[in-house]
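Reader: I should like to learn how to read the strands, helices and contacts of a protein model. Would you take me through an example?

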Amino acid sequence: MRPSPEAVAAATLELHRRFGNRAVTSQSVREQHAHTTTWIPNQPPDVVVFAESEEDVRDAVTIAAAHHLPIVPFGTGSSLEGHVNAPFGGVSIDMQGMKKIIAVHPEDLDCVVEPGVTRKQLNEYLKSHGLFFPIDPGADASIGGMVATRASGTNAVRYGTMKDNVLALEAILPNGEKLVTARRAKKTSAGYDLTRLLVGSEGTLGIVTKITLKLSGLPEAVSAGICPFPDIESAANATILTIQSGLPVARIELLDEVQIRACNQYSKLNLAEQPTLFVEFHGTDQGVAEQAERFGEIAADLGGGPFSWATKPEDRTKLWEARHNAYWASLTLRPGAKGISTDVCVPISRLAECIAETKADLESTGLISPIVGHVGDGNFHCLPLIDMSNEAEIAAAKGFMARLVERALAMEGTCTGEHGVGQGKIKYLETELGAPALDAMRLIKQALDPKNLMNPGKIVTIGS
């Protein structure tokens with residue numbers, strides 16, 4: 001329920017007194033803090049607070065809660081399912097000013113950071129220690145946002161996702177208290193796993209203010225390469241065999257022929273317009289050479305090739321920049337259209353089947369939609385390019401996205417591998433997990449946030 005105008009006015013006055021010009025009510029700033037990269041309408045908060053410390057977050061939460069205003073955390077705004085929208089108004093707490101790298105413990109392979117630190121900022125800082133943080137969702141997302149959405153990305157097949165790389169958290173609860181979920185120890189069996197409860201909670205249980213991350217050593221050698229395939233099925237099967245054979249691939253990304261055409265145009269490449277795997281191996285010089293050779297053999301057995309690979313940093317950088325720019329490249333296929341990104345994830349044994357059926361669905365629907373995927377863990381993305389003035393086209397795209405989720409769930413997959421639920425996929429959770437699971441989530445939400453103030457309208461609905 002939206003708070004009354006009187007409550008909003010009283011809270012805003014108090015926030016102005018506490019934060020001065022760091023409490024902003026201008027229409028443009030409020031809309032910027034509700035922008036989405038989907039077709040979900042922009043739903044701005046009533047006021048934006050720019051936090052610079054844990055104390056700022058605590059005070060903003062306390063003031064908002066006292067006046068029963070919803071509280072929506074904001075990282076960099078790169079989320080894809082309406083996570084930062086404020087459907088009931090309230091206070092957006094912008095965490096971008098909390099950018100301290102508090103401590104690095106090279107001997108323990110961990111670090112402690114504030115939530116506004118971005119992954120690129122962190123990795124630039126860690127270089128001198130011979131370490132890196134491996135989770136790479138593509139966008140230069142904030143670490144806090146990556147915690148909130150349980151982010152993943154291109155390195156997940158080897159290094160896991162955020163749930164595997166967060167050791168401990170500190171968060172401000174709706175009542176203003178600070179919750180500490182764990183210590184720096186690499187493992188613990190002390191009580192409930194509150195760390196993983198908050199990882200992926202999308203700001204619905206509390207606002208993370210400090211994060212302890214697991215780090216990895218920079219590999220001695222890195223090799224990357226590309227391999228085209230005659231069709232999607234053979235590329236997906238090569239992925240499956242690579243994983244099943246135990247090859248320690250660090251990244252294995254699938255780009256379909258539509259995406260390759262876009263990358264050629266945008267990134268000035270000259271790749272064959274065929275389904276293509278981008279791969280990367282980490283290890284010793286001899287190890288990565290052996291891994292690349294073995295992958296080439298697997299690909300050749302399935303009709304793929306030629307497999308070309310490079311160890312020069314500049315060649316690898318160009319390759320992965322093209323992959324990370326896939327979204328912008330896709331927009332060149334239909335200038336003026338909006339790209340609506342969605343993802344699903346299935347067991348890798350069903351990957352080839354799921355992508356093949358999805359390609360056939362797109363063809364029959366008449367939509368232009370590149371497909372890319374972190375296929376080493378069964379996760380792939382579609383980006384239908386939509387004329388937002390064409391109601392029939394919007395309806396066709398929505399129908400396709402619903403069928404995509406239904407297809408993934410029928411194959412024992414999930415409605416989202418890494419984008420999160422937000423507003424966009426809340427309607428699929430009961431089908432995926434069942435009513436008892438949603439009831440359990442609601443009980444947790446109500447125990448920690450009895451007034452339903454923390455990012456309401458995301459993951460589960462509470463009340464009417």
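**Sheets and the helices beside them**

Author: Let us begin with strand order. An open sheet of five strands follows the order 5-6-10-8-9, and its pairing is antiparallel. Please keep in mind throughout that this is a predicted model.

Reader: Which strands are the edge strands of this sheet?

Author: An edge strand pairs on one side only, and here that applies to strand 5 (101–105) and strand 9 (178–180). From one strand to the next, the twist averages 15°.

Reader: How many bridges pair strand 8 with strand 10?

Author: Six bridges pair strand 8 (residues 166–172) with strand 10 (residues 207–214), in the antiparallel sense. To follow the register, one takes a residue and looks for its bridge partner: for Ala171, the partner in strand 10 is Val208.

Reader: Which strands of this sheet does helix 3 touch?

Author: Helix 3 (residues 54–66) packs on the sheet and touches strand 8, strand 9 and strand 10. The direction of helix 3 makes about 50° with that of strand 8. Helix 4 (residues 119–126) lies across strand 5, strand 6 (110–113) and strand 10, and runs at about 45° to strand 5.

Reader: What is the order of the open sheet of four strands, and what is its pairing?

Author: The order is 1-2-4-3, and the pairing is mixed. Strand 1 (23–24) and strand 3 (71–74) each have a single partner strand, so one side of each is left without a neighbour in the sheet. Strand 3 pairs with strand 4 (residues 91–94) in the parallel sense, over four bridges. Within that pair, Val72 stands opposite Ser92 in strand 4.

Reader: Which helices should I consider beside this sheet?

Author: Helix 3 packs on this sheet, where it touches strand 2, strand 3 and strand 4. The direction of helix 3 makes about 175° with that of strand 4. Helix 1 (residues 5–19) lies across strand 1, strand 2 (47–50) and strand 4, and runs at about 20° to strand 2.

**Strand 19 and its partners**

Reader: How does one read the side chains along a strand?

Author: In a regular strand the side chains alternate between the two faces of the sheet. In strand 19 (residues 379–382), Asn379 and His381 point one way, whereas Phe380 and Cys382 point the other way. All four of these residues are buried.

Reader: Which strands do bridges join to strand 19?

Author: Strand 17 (residues 342–345) is joined to strand 19 by four bridges, and the two run antiparallel. Cys345 has Asn379 as its bridge partner in strand 19. Strand 18 (residues 371–374) is also joined to strand 19 by four bridges, again in antiparallel fashion. Here Gly373 stands opposite Phe380 in strand 19. The hairpin of strand 18 and strand 19 has four residues between the strands, and in this hairpin Gly378 takes a positive phi near 80°.

Reader: Why is Asn379 classed as buried?

Author: Asn379 is classed as buried because its relative accessible area is 2%, and the cut-off for that class is under 20%. Leaving aside residues up to four places away in sequence, Asn379 touches Asp343, Val344, Cys345, Gly373, His374, Gly417 and Glu418.

**Helices in contact**

Reader: At what angle do the axes of helix 14 and helix 15 cross?

Author: The axes of helix 14 (residues 351–365) and helix 15 (residues 391–410) cross at roughly 165° and come within 11 Å. That angle makes helix 14 roughly antiparallel to helix 15, since angles over 145 degrees count as such. The crossing is right-handed. In the contact, Cys354, Glu357, Thr358, Asp361, Leu362 and Thr365 of helix 14 meet Ala396, Phe400, Arg403, Leu404 and Arg407 of helix 15. By character, the residues of this contact divide into five nonpolar, two polar and four charged.

Reader: How does helix 9 lie against helix 14?

Author: The axes of helix 9 (residues 232–244) and helix 14 come within 8 Å, with a crossing of roughly 155°. Helix 9 and helix 14 are therefore roughly antiparallel to each other, and their crossing is right-handed. Helix 9 contributes Ile232, Glu233, Ala236 and Asn237 to the contact, and helix 14 contributes Leu351, Ala352, Ile355, Ala356 and Lys359. The residues of the contact of helix 9 with helix 14 comprise six nonpolar, one polar and two charged.

Note on methods
Residues are numbered from 1 along each chain as its sequence is written. This is a predicted model: local features need pLDDT of at least 70, side-chain atom pairs count only at pLDDT 80 or more; totals for chains, interfaces and linings use all residues. Side-chain values use heavy atoms; hydrogens and water are left out. Two strands pair if DSSP finds at least two bridges between them. Axes are lines fitted to C-alpha atoms, for helices over the stretch in contact, and angles run from 0 to 180 degrees between N-to-C directions. Contact means heavy atoms within 4.5 Å. Buried means under 20% relative accessible area, exposed over 50%, partly exposed in between (1.4 Å probe, protein chains only). Angles under 35 degrees count as roughly parallel, over 145 as roughly antiparallel, 65 to 115 as roughly perpendicular and the rest as oblique. A crossing is left-handed if the near helix is turned anticlockwise from the far one by less than a right angle, and right-handed if clockwise. Ala, Val, Leu, Ile, Met, Phe, Trp, Tyr, Cys and Pro count as nonpolar, Asp, Glu, Lys and Arg as charged, and the others, Gly among them, as polar.
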